[in-house]
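Please open the model in a viewer and keep the sequence panel beside it, so that each selection on this tour can be made by residue number. The stops follow one another from strands to helices and then to empty spaces.

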Amino acid sequence: MSQDTILLAHGSGGKLTHDLIRAVFVKHFRNPWLDRQDDAAVWALTASTETRLALTTDCYVVQPIFFPGGDIGRLAVCGTVNDLAMVGAQPLYLTAGFILEEGLPLVDLERVVVSMAQTAREAGVEIIAGDTKVVDRGSADSLFINTAGIGVLPAGISISGANAQPGDVVILSGPIGAHGLAILSQREGLRFSFPLNSDCAPLNGLVDAMLKADARIHCLRDPTRGGLATTLNELATQSQVGIEIEEACIPVPEGVKAACELLGLDPLYVANEGKLVAIVPPPAEDSVLAAMHGHQYGQQAAVIGRVTSAHPRRVVLRTTLGAHRVLEMLTGAQLPRIC
């Protein structure tokens with residue numbers, strides 16, 4: 001890394017975040033699970049059993065803590081549930097750690113906790129352990145939450161960002177960009193003539209339906225920080241393949257398009273919290289897509305591109321005008337502290 005100090009952009013989920021993880025955390029914690037760079041670590045319970053567990057953890061520092069379509073509590077539960085789902089695991093139990101700033105209204109804390117309980121019920125998980133710390137006024141921004149989650153993997157499931165193969169189909173579960181713009185509009189007091197609500201949602205039910213339709217799913221990833229473009233770059237790099245996508249096939253709500261044009265943002269790099277990218281072999285395309293269309297969080301799923309052996313580790317967008325544009329991983333911080 002060229003920087004000597006941590007910048008907000010190190011939390012963007014883009015290139016600086018990946019550089020930081022590789023240069024500091026993976027360098028010193030290195031092991032086979034971290035080397036995979038998946039959303040959750042997976043291991044067999046014993047050498048003689050097919051039962052496998054998945055474990056993940058995440059921290060949530062979003063500001064404001066309440067926003068259209070969600071709050072920091074719903075975000076924390078959904079984020080951890082989704083990390084487990086993205087390796088094909090069935091989430092079971094979560095932990096929750098709270099860092100509370102002196103002066104935080106108790107009514108706000110209870111509102112967040114109620115939201116977490118409701119979201120956990122929706123996802124079918126239990127929050128079974130936790131911790132609380134209170135820090136001096138000014139030492140935190142009202143409320144930070146850490147969650148960890150554990151789940152189990154059904155036999156025969158093998159999902160990793162390293163599994164994409166040339167010829168595979170790239171599927172997006174629905175319209176992108178709503179979460180990041182909902183946070184931005186609330187934070188900056190922006191008012192639009194159209195609604196902008198976060199898409200924050202637990203995706204384990206959607207993944208379960210997809211796997212029941214066809215277990216041959218190669219990759220799953222939720223395009224959170226860094227957006228769709230950064231997520232596709234992660235998958236292309238992990239699998240050492242190229243990815244080609246069609247701009248005309250990517251669903252972007254009209255409100256998101258209008259807000260991005262007004263603010264000078266690219267919706268391909270705006271964060272989402274209730275969408276996923278699936279990479280599947282061609283024989284599984286129709287059954288997986290049909291299963292997604294039958295679920296509330298995948299009704300607008302669409303094929304947006306294919307995996308290719310050309311230009312390994314690169315993502316290429318074919319624009320609506322027929323031109324080709326290389327999509328790099330996000331650099332800088334388009335929208336910091338959005339999760």
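Bear in mind throughout that this is a predicted model. Begin by selecting residues 242–246, which form strand β10, together with residues 302–308, which form strand β12: the two pair in the antiparallel sense over 4 bridges. Within this pair, Ile-243 lies opposite Val-307 of β12, and Glu-244 lies opposite Arg-306 of β12. In general, the side chains of a regular strand alternate between the two faces of the sheet.

Now keep β10 selected and add residues 315–318, strand β13, which runs parallel to β10 and is joined to it by 4 bridges. Here Glu-246 is the residue to display, with Arg-318 of β13 standing opposite.

Widen the view to the sheet to which these strands belong. It is an open sheet of 7 strands with mixed pairing, and its order reads β9-β11-β8-β12-β10-β13-β14. Which strands stand at the edges? They are β9 (219–221) and β14 (324–327), and because each has a single partner strand, one side of each is left without a neighbour in the sheet. From one strand to the next, the twist averages 25°.

Next select residues 285–293, helix α9, which packs on this sheet and touches β8 (169–172), β11 (277–280) and β12. The direction of α9 makes about 5° with that of β8.

With α9 still shown, add helix α6, residues 204–213: the axes of the two helices come within 8 Å and cross at roughly 145°. The crossing of α6 past α9 is right-handed. To see the contact itself, display Leu-206, Ala-209, Met-210 and Ala-213 in α6, which meet Ser-287, Val-288, Ala-291 and Met-292 in α9. Sorted by class, this contact comprises 7 nonpolar residues, 1 polar residue and no charged residues.

The tour now moves to another sheet. This open sheet has 5 strands in the order β1-β2-β7-β5-β6, and its pairing is mixed. Its edge strands are β1 (41–44) and β6 (126–135), each of which pairs on one side only. Neighbouring strands here are turned by 15° against each other on average, direction ignored.

Inside this sheet, select residues 52–60 and residues 143–153, that is, strands β2 and β7, which run antiparallel and are joined by 9 bridges. One bridge to centre on is that of Leu-53, whose partner in β7 is Val-152. Helix α3, residues 72–85, packs on the sheet, where it touches β2, β5 (90–101), β6 and β7, and its direction makes about 150° with that of β2.

Two backbone details deserve a closer view. Most residues other than glycine have a negative phi, and most peptide bonds are trans. Against that background, select Gln-63 and Pro-64, since the peptide bond from the former to the latter is cis, with omega near 10°; Pro-64 is placed in the loop between β2 and β3 (66–67). Then go to Ser-142, which is not a glycine but has a positive phi of about 75°, and which belongs to the loop between β6 and β7.

The remaining stops concern empty space. Rolling a probe the size of a water molecule over the atoms shows where such space is left. How many cavities of 30 Å³ or more does a search of the whole structure find? The search finds 1, and the volume of this largest cavity is about 70 Å³. To display its lining, select Ser-12, Arg-225, Gly-226, Tyr-269, Val-270, Ala-271, Leu-330, Gln-334, Leu-335 and Ile-338. By class, this lining has 6 nonpolar, 3 polar and 1 charged residues.

Finish at the second largest pocket, which has a volume of about 280 Å³. Of the 14 residues that line this pocket, select Glu-247, Val-252, Lys-257, Asp-266 and Pro-267, which lie nearest its centre. Then add helix α8, residues 254–263, which gives the most to the lining, with 3 residues. By class, the lining of this pocket has 8 nonpolar, 1 polar and 5 charged residues.

Definitions and conventions
Residues numbered from 1 in each chain as written. Predicted model: local features only at pLDDT ≥ 70, side-chain atom pairs only at ≥ 80, totals over all residues. Heavy atoms only, no water. Pairing = 2+ DSSP bridges. Axes fitted to C-alpha atoms, helices over the stretch in contact; angles between N-to-C directions. Contact = heavy atoms within 4.5 Å. 1 Å grid on protein atoms, 1.4 Å probe; cavity = no way out; pocket = protein on both sides within 12 Å on 5 of 7 lines; lining within 4 Å. Points joined across faces, edges and corners; volume = space filled by probe spheres on them. Nonpolar A, V, L, I, M, F, W, Y, C, P; charged D, E, K, R; others polar. Left-handed = near helix turned anticlockwise from the far one by under 90°.
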